[in-house]
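Let's take a walk through a multi-chain model, going from single chains to the places where they meet. Keep the 3D view open and turn it as you read.

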Amino acid sequence: MASSIRVRATANGDTTEVQALIQHPMDSGFVKDSKGELIPAHFIQELKFECNGKDVFIADWGTAVSKDPYVKFSFKGARKGDDLKVSWTDNKGASDTTTAKIS
Amino acid sequence: MTTTTGPHPTRRLLLQGAASVALLGLGNLPFAPARAAANDKYPEDAFKQKNEADAIKALYGKTAEPSDKVKLDAPEIAENGGVVPISVTTTLDKVTSISFFVAENPNALAASYRIPDGTMPSVANRLKMAKTTKLTAIVEADGKLYSATKEVKVTVGGCGG
Amino acid sequence: MKWSFVLAMLLAPMLALGLAPAARAANEADYKAAYAAADAASKEAAGLRHQWTVTVSALAAAKKAGDGGDFDRAVAAAREAEALAKASIFQATSEKEAWKAMEIR
Amino acid sequence: MKARSALLLGSLGAALVAFALTSPRVVAADKVDPVADAKAFQNFFFQKFPNVKHEDFVNGPYSMNADMKRQWQEKEEFPPYEFALDAGKDMFTTPFKNGKTYADCFPNGGIGIRQNYPYFDTKEGKVVTLELALNRCREANGEAPYSYVKDEMASLTAYMAFTSRGKPMDIKIPDDPRALAAFENGKRYFYTRRGQMNFSCASCHVQSPGERIRAEILAPALGILNAMPIYRSEWSGMGTTSRRFVTCNSQTRAVPLEPQADEYRDVEYFLSYVANGLPISGPGARP
């Protein structure tokens with residue numbers, strides 16, 4: 001199954017810009033379905049980015065992050081070709097991880 | 001649509017907000033040691049807080065002061081409350097944490113980011129907003145909290161059905 | 001002008017209430033008749049492919065109230081459904097030509 | 001007696017003349033002229049919004065409002081329809097049980113052809129839309145058809161639209177009275193008021209594009225289908241043309257027709273034809 005994480009990491013000079021889009025319902029637990037029952041909360045709680053063995057960005061997410069969440073940040077100290085490991089865990093304990101090459 | 005309140009009431013809200021936070025801060029100083037930086041594990045408690053002041057206290061244990069060095073970019077009218085593109089950047093240095101608070105949401109704290117050194121102090125993301133609300137971004141730089149606030153109008157679309 | 005307008009607005013509802021005949025409670029026969037009329041009009045509107053969603057829901061409300069024995073509410077809902085269906089039929093027939101007025105030429 | 005009949009003839013003659021004078025357009029309207037209609041339609045929008053670049057009209061509400069355009073451009077950096085696009089690409093290349101794929105049903109293997117849909121099928125004597133053709137391809141290969149309003153169909157049309165991005169819309173009307181009738185029927189549907197709100201498509205998309213309807217900005221009718229299928233934040237999911245027509249109907253409190261009903265096929269034919277020359281911009285992201 002293709003990973004739920006789409007990552008784009010582009011380095012220019014010493015700064016690498018990272019964009020990630022993750023396929024996840026991000027149900028807040030406050031929304032009712034068509035039959036009127038509450039859809040239980042199901043959302044990513046932690047999203048971690050590691051490069052060259054060091055955490056470069058950690059997101060702690062609540063119920064207000066949009067469906068198919070997107071995040072953009074940039075960091076220094078990486079070069080073209082380095083590996084960027086991305087992993088998330090949600091409130092149900094599910095998780096996914098992927099590794100992208102910095103282009 | 002109800003006409004939105006003019007600028008002075010939001011300042012009044014801010015003052016009330018700041019005042020109540022200060023009081024709270026004073027109130028619990030003796031028994032709850034103020035935690036310095038955002039701790040390294042998932043701030044479960046902060047995400048449970050209903051209003052903004054409690055969430056800020058639970059996450060950082062101290063109060064923030066508005067600063068024009070924190071640039072918050074959010075739409076004036078959200079095209080849709082489910083997907084609101086928001087980003088923040090700052091010229092402050094030694095930034096260790098950036099967080100977003102949506103006052104009118106069921107839980108105020110929306111997202112919090114830990115910024116290790118070497119990572120630029122700016123984040124873009126897409127958040128959900130229940131209704132027209134005050135949006136606050138807080139940056140923790142060198143142990144102190146700086147904030148920026150913006151109002152985002154949110155309503156449903158279409159002609160109703 | 002303003003005063004007379006306000007006066008008229010005040011008088012009209014009072015007059016209407018006073019004049020309305022003391023309606024006796026509707027019974028099943030009234031409901032059946034009213035529902036049949038509404039249903040016929042609704043089917044015609046659907047046939048013209050110009051049905052309104054509010055007609056369908058008013059008809060459903062009438063049936064629900066009727067099945068539940070609340071014939072007053074059932075007759076009222078059936079009459080409303082019939083009126084809505086007739087309005088949509090009028091819309092369908094008048095639009096047969098009226099649409100040309102908006103056409104970009 | 002003679003006087004009375006002369007009087008009668010005279011009044012009849014006058015009535016006829018009056019009729020001819022008052023409605024020259026009515027006489028001309030009977031002859032359907034799609035080319036003139038398309039020119040008039042496009043000029044209406046080019047004059048109403050002189051500083052909107054012609055090809056920008058396909059971006060719907062974002063061609064009308066700068067703040068909305070900025071929110072859109074931020075979304076387009078990593079658009080929410082990315083997943084539907086990838087799913088559509090996989091589905092397009094995954095063979096059916098009988099070994100064939102969608103590529104076998106479509107000219108040029110289905111790549112870069114979206115701008116020619118919908119087309120008028122002279123054998124069937126009706127308009128055939130891309131969504132209908134996809135389901136017919138599935139049925140022809142022993143597969144169950146997809147719902148017209150759900151994600152699978154949207155993923156397929158998203159991929160096919162993506163392969164045509166930038167190509168000008170190129171809808172043809174054969175010299176066949178039934179094709180002209182379908183075009184006219186689509187035009188009539190577009191301008192006909194319906195639902196308790198008593199709106200026609202034109203009430204919003206011709207009379208007040210660029211204005212707000214609560215949180216949303218109304219898109220201009222010109223090029224309104226060029227971005228289909230669209231990921232709508234409102235639905236937090238993909239939407240096909242069929243889903244858009246059905247939901248628009250229920251918003252005006254009109255009971256929607258079944259997806260791919262003749263009227264919907266014809267109005268898609270009309271709207272696509274009058275947008276000839278404007279680029280395909282699908283799949284799109286919308287509020």
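What follows looks at two chains, the sheet they build together, a set of helices, and one further contact.

**Two chains to start with**

Before anything else, keep in mind that this is a predicted model. Start with chain A, which has 0 helices and 7 strands. Read along the sequence, then, the pattern of chain A is simply β-β-β-β-β-β-β. If you draw a box around the C-alpha atoms of chain A along the principal axes, that box comes to roughly 55 × 25 × 20 Å.

Chain B mixes its elements: there are 3 helices and 8 strands. The helices of chain B come at the N-terminal end, since the order from there reads α-α-α-β-β-β-β-β-β-β-β.

How do the two chains look in numbers? Here they are side by side.

| Chain | Residues | Share buried | Share of contacts (separation of 6 or more) between residues 24 or more positions apart |
|---|---|---|---|
| Chain A | 103 residues | 42% | 52% |
| Chain B | 161 residues | 42% | 67% |

The last column tells you about contacts between residues that sit 24 or more positions apart in the sequence; in chain B they account for 67% of the contacts with a separation of 6 or more.

**Where chain A meets chain B**

How many residues of each chain take part in this contact? There are 27 residues of chain A in contact with 26 residues of chain B. On the side of chain A, strand S3 (44–51), strand S4 (54–61) and strand S5 (70–76) each supply at least two residues. Sorted by class, that side of chain A has 13 nonpolar, 8 polar and 6 charged residues.

**A sheet shared by two chains**

Now for a feature that takes in both chains. An open sheet is formed by 6 strands, in the order S1(A)-S2(A)-S5(A)-S6(B)-S3(B)-S2(B), with antiparallel pairing. Which strands stand at the edges? They are strand S1 (5–12) of chain A and strand S2 (70–73) of chain B. Each of these has a single partner strand, so one side of each has no neighbour in the sheet. From one strand to the next, the twist averages 15 degrees.

What holds neighbouring strands together in general? Strands of a sheet pair through backbone hydrogen bonds, either parallel or antiparallel.

Look for the place where the sheet passes from one chain to the other. There, S5(A) and strand S6 (residues 122–127) of chain B run antiparallel and are joined by 2 bridges. To find the spot, look for A:Lys72, which stands opposite B:Ala124 in S6(B).

Further along, S2(B) is joined to strand S3 (residues 84–90) of chain B by 4 bridges, and this pair is antiparallel too. Here B:Leu72 faces B:Val88 in S3(B).

**Helices in chain C**

Chain C offers a chance to look at helix packing. Helix H2 (residues 28–47) of chain C and helix H4 (residues 71–98) of chain C have axes that come within 8 Å and cross at roughly 20 degrees. Are they parallel or antiparallel? With that angle, H2(C) and H4(C) are therefore roughly parallel to each other. Their crossing is left-handed. The residues making the contact include C:Ala34, C:Ala38 and C:Ala41 of H2(C), and C:Ala74, C:Ala78 and C:Ala85 of H4(C). By class, the contact of H2(C) with H4(C) has 14 nonpolar, 2 polar and 6 charged residues.

H4(C) also packs against helix H3 (residues 53–67) of chain C, at an angle of about 160 degrees and with the axes 8 Å apart. That makes H3(C) roughly antiparallel to H4(C). The crossing of H3(C) and H4(C) is left-handed. Among the residues that meet are C:Leu59 and C:Ala62 in H3(C), with C:Ala77 and C:Leu84 in H4(C). The contact of H3(C) with H4(C) divides into 13 nonpolar, 3 polar and 2 charged residues.

**One more contact: chain D and chain A**

Finally, turn to where chain D touches chain A. This contact takes 7 residues from chain D and 8 residues from chain A. On the side of chain D, helix H5 (residues 82–93) gives the most, with 3 residues. By class, that side of chain D has 3 nonpolar, 1 polar and 3 charged residues.

Terms used
Residues numbered from 1 in each chain as written. Chains lettered and ligands numbered in written order. Predicted model: local features only at pLDDT ≥ 70, side-chain atom pairs only at ≥ 80, totals over all residues. Contact = placed C-beta atoms within 7 Å. Nonpolar A, V, L, I, M, F, W, Y, C, P; charged D, E, K, R; others polar. Pairing = 2+ DSSP bridges. Axes fitted to C-alpha atoms, helices over the stretch in contact; angles between N-to-C directions. Buried ≥ 20, exposed ≤ 12 C-beta atoms within 10 Å, placed from the backbone. Parallel < 35°, antiparallel > 145°, perpendicular 65-115°, else oblique. Left-handed = near helix turned anticlockwise from the far one by under 90°.
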